[in-house]
Structure formats: C-alpha cells, structure tokens
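Work through the exercises below with the model open. Try each task before reading its solution.

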Amino acid sequence: METGNRSCGTDFTLVGLFQDGHMDTFLFTLIAILFAVALMGNITLVVLIRLDRRLHTPMYFLLSQLSIIDMMYISTTVPKMAANFLSDTKAISFLGCVIQAFVFMTLGGSEALLLGFMSYDRYIAICRPLHYPVLMSRKICCSMVASAWSSSSVTASVHTVYVFQLPFCGSRMVNHFFCEVPSLLPLVCEDTSQYEHTVLVSGLVILLLPFLAILASYARVLVVVLQMGSGKGQSRALSTCSSHLTVASLFYVTTLSTYTQPHTLHSPGRDKVVAVLYSIITPVLNPFVYSLRNKEVIGALRRQMR
C-alpha cells in the first residue's frame, strides 16, 4: 500500500450532483434560492419566538433550537456545493472534508434527537397537561438540548476520527456533493464491513429510536385527541402534531436509508437525491410547515409586522 494514499495533505474531489456539469448554472441558481429561503424562514422563526412573549413556551423554545440547527445544517453543505458549480476543480482539502463531515454528522444527530424531544413535549402537553409545567420546565428543556448536542458531538467525533485515519486509494474522487461518511467508505483501501456495523448501530440508536418514539407518542396523542369533546381542540392538536410528524418522517426515512445500509448496496445517484432531501429540502420546509400551519406563529408574525 502506498504511503501517499494516507497523506493528510491530499485533497478530495467532490463530483457533485451531476458529473457532466451541463446544468451547473441552473443548479447554482436553484440551490442559492433554496439556501436564501431556508435562512430567511429559520431566522424569521427564531426572531419571532425571541420577540413575542406568547411564544415563550417549551414547545417554541425547542422549535427555535431546531431552526438554529437547520440554519447551520444547510450552511455546512450548500456554500461549498454552490461554489463547486462555478469551479472547474471541485476540490476540497483533507481538513475541510474532515470538518464538513464532523459538523454535518453532529448537526444531523442533534436534529434527530431534538425532533424526538419535541414529540415528547407534545405528548406531555396533550396527554398529561397537569404535569406539563413540571415535566417540561425550563431546566429540563435546556437539558434536552444540551444532551442532543453533546451525544451527537461525541458520536460524530468517534466516526470522523476513525474514518479519516483509514487509508484512501486512487484519485480520492467522492461521488457526492459533500463529504459524508457513507460516500467516503468506497474510497478506503481496506475492508470496512466491521466498521459499517458500528455505523448501523449508531444509525439505529440516533435515528430509529427517536423515530419510533415519535410514532408511539403521536399514536397515543391521536387516541387522546379523538376522545376530546371539543372540535376546536381536536383540530388544533391534530394540526400541530401532523406538521411535526410530516417533517420528522421526511427527515428520518431519508437518513435511515443512507446510514443503515452497507456501502455495497448504495447507489451514488440515489444517495445524492436522498441527501438533497434531508440536507437541503428539510431545512427549507421546517419553518414553513411549523409556521403556516400554526395560528400562534402567524399571529405573532402579524403583531410584529404592525
């Protein structure tokens, strides 16, 4: 094995969404618009929650944290992706690839756990409303956010350190539009099947368990809501929970399809389409799904506009 393949000074090359590059100008424009919309929507939601006292509740505190994560999440991949549309080299340094992979994995894990905590918040608010002030106190909410960030950071650190100390072969051409662990494994010169079991376990713990908790929480919420005598209460609860479940399903299903399969079963074209859904489309949709279907957020927006 050549020692040059293990050199940390060797750049990677990101293939991008399409290899031929005939749509680069169009894709640059489209991605730039989506990036601007995502930033605008999430910043607006964070500012509204900060300024309007009626939104100073555990639910909106967690939602503001989700918006902050989404802004960082999409900013990890899109700027480099857009720059590569206008570049002939499409290169990313070894250190840049390490940082991008670590930050992306940290933010993805944080979002996965935070969505689970948000479903717990809705479960307590609807199914155990008398205990809500105790079970969802400010201290507990902050602990939830801190645990999401810390656990995902530790997991990302372990995977990043391990993957980037492996020997990479050949041209180091990553068939993706950003540095992501599953897209880097085909470039490794040695057998990674044992490590892929670790990725699978991490995916099941950080992605599947919160998703199952969300489904269980909303199944219980649905039963309670259907037993309500108030039609207004039913519609409000269903609106809140359905919007959360829609965003959560899009995020979890796409990420699970990427992180729970061995790299031999991956299709680069499919992986890139799926990655667009959870790395770009989800941060764009989140603020609009929560705000357009939420009367409290719309009301706060109208009060601030006055």
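Buried means under 20% relative accessible area, exposed means over 50%, and partly exposed is the range in between. With that cut-off, Arg-303 at 28% relative accessibility counts as partly exposed. Keep in mind that this is a predicted model.

**Exercise 1. A salt bridge across the sequence**

Task: Find out which parts the salt bridge between Asp-52 and Arg-303 ties together, and how far apart they are in sequence.

Solution:
- Step 1. Start with the pair. The side chains of Asp-52 and Arg-303 form a salt bridge, with N to O at 2.9 Å.
- Step 2. Place each partner. Asp-52 sits in the loop between helix H1 (24-51) and helix H2 (58-85), and Arg-303 sits in helix H10, so the bridge ties together parts 251 residues apart in sequence.
- Step 3. Check burial. Asp-52 is buried because its relative accessibility is 5%. Arg-303, at 28%, is partly exposed.

**Exercise 2. The residue next in line**

Task: Which residues does Gln-304 contact, leaving aside neighbours within four places in sequence?

Solution:
- Step 1. Locate Gln-304. It belongs to helix H10, residues 295-305.
- Step 2. List the contacts. They are Leu-48, Leu-51 and Asp-52.
- Step 3. Compare sequence with space. Gln-304 and Leu-48 are 256 residues apart in sequence, yet their C-alpha atoms are 7.7 Å apart.
- Step 4. Classify Gln-304. Its relative accessibility is 37%, so it counts as partly exposed.
- Step 5. Link back to Exercise 1. Asp-52 touches Gln-304 and also bridges to Arg-303.

**Exercise 3. The other salt bridges**

Task: How many salt bridges does the count come to? Sort the partners of the remaining pairs by burial.

Solution:
- Step 1. The count is 3 salt bridges.
- Step 2. Take Asp-121 and Arg-122. Their side chains meet at 2.8 Å, N to O. Both residues are buried.
- Step 3. Take Arg-270 and Asp-271. Their closest N and O atoms are 4.0 Å apart.
- Step 4. Classify this pair. Arg-270 is partly exposed because its relative accessible area is 39%. Asp-271 is buried, at 12%.

**Exercise 4. The core**

Task: Which helix gives the largest share of the largest nonpolar core?

Solution:
- Step 1. Size the core. The largest nonpolar core has 83 residues.
- Step 2. Pick out the residues with the most contacts inside it. These are Phe-12, Phe-164, Phe-168, Leu-184 and Tyr-252.
- Step 3. Name the helix. Helix H3 (residues 94-127) supplies the largest share, 14 residues.

**Exercise 5. Two buried polar residues**

Task: Are Gln-100 and Ser-64 buried or exposed? List their contacts beyond four places in sequence.

Solution:
- Step 1. Gln-100 is in helix H3. Its relative accessibility is 5%, so it is buried.
- Step 2. Gln-100 contacts Thr-76, Thr-77, Lys-80, Ile-92, Phe-178 and Cys-179.
- Step 3. Ser-64 is in helix H2. At 9% relative accessibility, Ser-64 is buried too.
- Step 4. Ser-64 touches Val-46 and Ile-49.

**Exercise 6. Annotation against model**

Task: What share of residues 200-225 is helix, and which nonpolar residues form a surface patch?

Solution:
- Step 1. Read the record. An unreviewed UniProt entry places "transmembrane region" features at several spans, including 60-79 and 200-225.
- Step 2. Check the spans. Residues 200-225 are 100% helix, with end C-alpha atoms 36 Å apart. Residues 60-79 are also 100% helix, with ends 28 Å apart.
- Step 3. Find the patch. Val-201, Val-205, Leu-209, Leu-212 and Leu-215 make a nonpolar surface patch of about 430 Å².
- Step 4. Look at one member. Leu-212 lies in helix H7 (residues 193-226). Its relative accessible area is 44%, so it is partly exposed.

**Exercise 7. From helix H7 to helix H8**

Task: Which residues does Gln-234 contact, leaving aside neighbours within four places in sequence?

Solution:
- Step 1. Gln-234 is in helix H8, residues 231-259.
- Step 2. Its contacts are Val-225, Leu-226 and Met-228.
- Step 3. Gln-234 and Val-224 are 10 residues apart along the chain, with C-alpha atoms separated by 9.3 Å.
- Step 4. Gln-234 is partly exposed because its relative accessible area is 22%.
- Step 5. Now take Leu-222, in helix H7. The C-alpha atoms of Leu-222 and Arg-270 lie 34 Å apart, with their positions 48 residues apart in sequence.

Terms used:
Residues are numbered from 1 along each chain as its sequence is written. This is a predicted model: local features need pLDDT of at least 70, side-chain atom pairs count only at pLDDT 80 or more; totals for chains, interfaces and linings use all residues. Side-chain values use heavy atoms; hydrogens and water are left out. A nonpolar core is a set of buried Ala, Val, Leu, Ile, Met, Phe, Trp, Tyr and Cys residues joined through side-chain atoms within 4.5 Å. Buried means under 20% relative accessible area, exposed over 50%, partly exposed in between (1.4 Å probe, protein chains only). Helices (H or I, at least four residues) and strands (E, at least two) are DSSP runs, numbered from the N terminus. Contact means heavy atoms within 4.5 Å. UniProt positions are given in the numbering used here, feature names are shortened, and annotations may be inferred rather than shown by experiment. Patches are made of residues with over 30% relative accessible area and no salt bridge: like charges are joined within 9 Å, nonpolar side chains (Val, Leu, Ile, Met, Phe, Trp, Tyr) within 5 Å. Accessible areas come from the Shrake-Rupley method with a 1.4 Å probe; for residues, only the protein chains shown count as cover.
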